[in-house]
Amino acid sequence: VCRLKSSVSFLARPDRPNLAYHKLKGRNPGVIFLPGLNSTMNGQKATALEDFCNSLGHAFIRFDYTGCGSSGGKFEDCTIGKWRKDVLSILDELTDGPQILVGSSLGGWLMLHAAIARPDKIAALVGVAVAADHLVTAFKKLPIEAQKEIEEKGEWKLPTKHNEEGYYSLTYDLIKEAENHCVLNSPIPITCPIRLIHGMKDDDVPWQISMQVADRVLSKDVDVILRKIGQHRMSEKEDTKLLVNTVDDLIDKLATL
């Protein structure tokens, strides 16, 4: 299906870069998609969810973080804390009533922070390959010499097969600042329904992280769905179907509560 590029809107913020977003008006609970590291709002999961919400008549928002896609700012100036504020800006400025957050990879980490910060607005969470604390954990697993070299150079070339360079360039400052946002060291004060989908063939973010999140959250209504042949991006047709069905089930569940 040929998809016309939807018109992008911008959320202007007095003290921060503008955020690019696309919003569907509709009924609640609304759905908000939080992309992964170096991903944009035009990914397959985001657009599949938008089509689904459109068919149901539910509100939907997809957006780009600061320094990514069509949003303002520079990627190299970004931190987990700044991206967390982006998510809260979207929630506070563009939504009314309960929302379901769908977070992919880094977006799954940020979705947990948003649910902690805005418990009254978050009706449910859906994580896809949640990367909670992952940048910090992965950095600390490097040999000490490698950590020191990254600190001196100020840059970490994190290997990836998702771009042509073969790595994501992350600043050392981003890694250090990320330590302030780790959530797996103590109970996570989130009580809404949570669904965590993770591929067991994920070479980027271990599926065990989703199990740790399930263990740490205070919510009793938590399901972990492991896809035996699922990769990190979870972009196969069956993966997308599972994601849409999971959101669909949660909308039904929230309607009957």
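1. Let's start with a term: a disulfide is a covalent bond between the sulfur atoms of two cysteines. In a structure like this one, a pair of cysteine sulfur atoms has to lie within 2.5 Å to count. Please keep in mind that this is a predicted model. Searching the whole structure turns up zero disulfides.

2. Why does Cys68 have no such bond? The closest cysteine sulfur, in Cys78, is 6.0 Å from the sulfur of Cys68, and that is too far for a bond. Cys68 is also buried, as its relative accessible area is 5%.

3. Cys192 tells a similar story. Its sulfur has Cys53 as the place of the closest cysteine sulfur, but the distance is 17 Å, too far for a bond. With a relative accessible area of 11%, Cys192 counts as buried.

4. Now have a look at helix H2, which covers residues 80-94. Its 15 residues, at 1.5 Å a residue, should span 21 Å, and the C-alpha atoms at its ends are indeed 21 Å apart, so the two values agree.

5. Which residues of H2 are buried? They are Ile80, Gly81, Trp83, Asp86, Val87, Leu88, Ser89, Ile90, Leu91 and Leu94. When you trace them in the picture, a general point may help: an α-helix has 3.6 residues a turn, so residues three or four places apart point the same way.

6. Finally, turn to the surface. Met200, Met211 and Leu226 make up a nonpolar patch there, and together they have about 230 Å² of accessible area. Met211 belongs to helix H7, residues 208-216. Because its relative accessibility is 38%, Met211 is classed as partly exposed.

Key:
Residues numbered from 1 in each chain as written. Predicted model: local features only at pLDDT ≥ 70, side-chain atom pairs only at ≥ 80, totals over all residues. Heavy atoms only, no water. Patch = residues over 30% accessible without salt bridge, like charges linked within 9 Å, V, L, I, M, F, W, Y side chains within 5 Å. Areas by Shrake-Rupley, 256 points an atom, 1.4 Å probe, with all protein chains shown as cover. Salt bridge = Lys/Arg side-chain N within 4 Å of Asp/Glu carboxyl O. Helix = DSSP H or I, 4+ residues; strand = E, 2+ residues; numbered from the N terminus. Buried < 20%, exposed > 50% of the residue type's maximum accessible area, 1.4 Å probe, protein only. Expected span 1.5 Å × (residues − 1).
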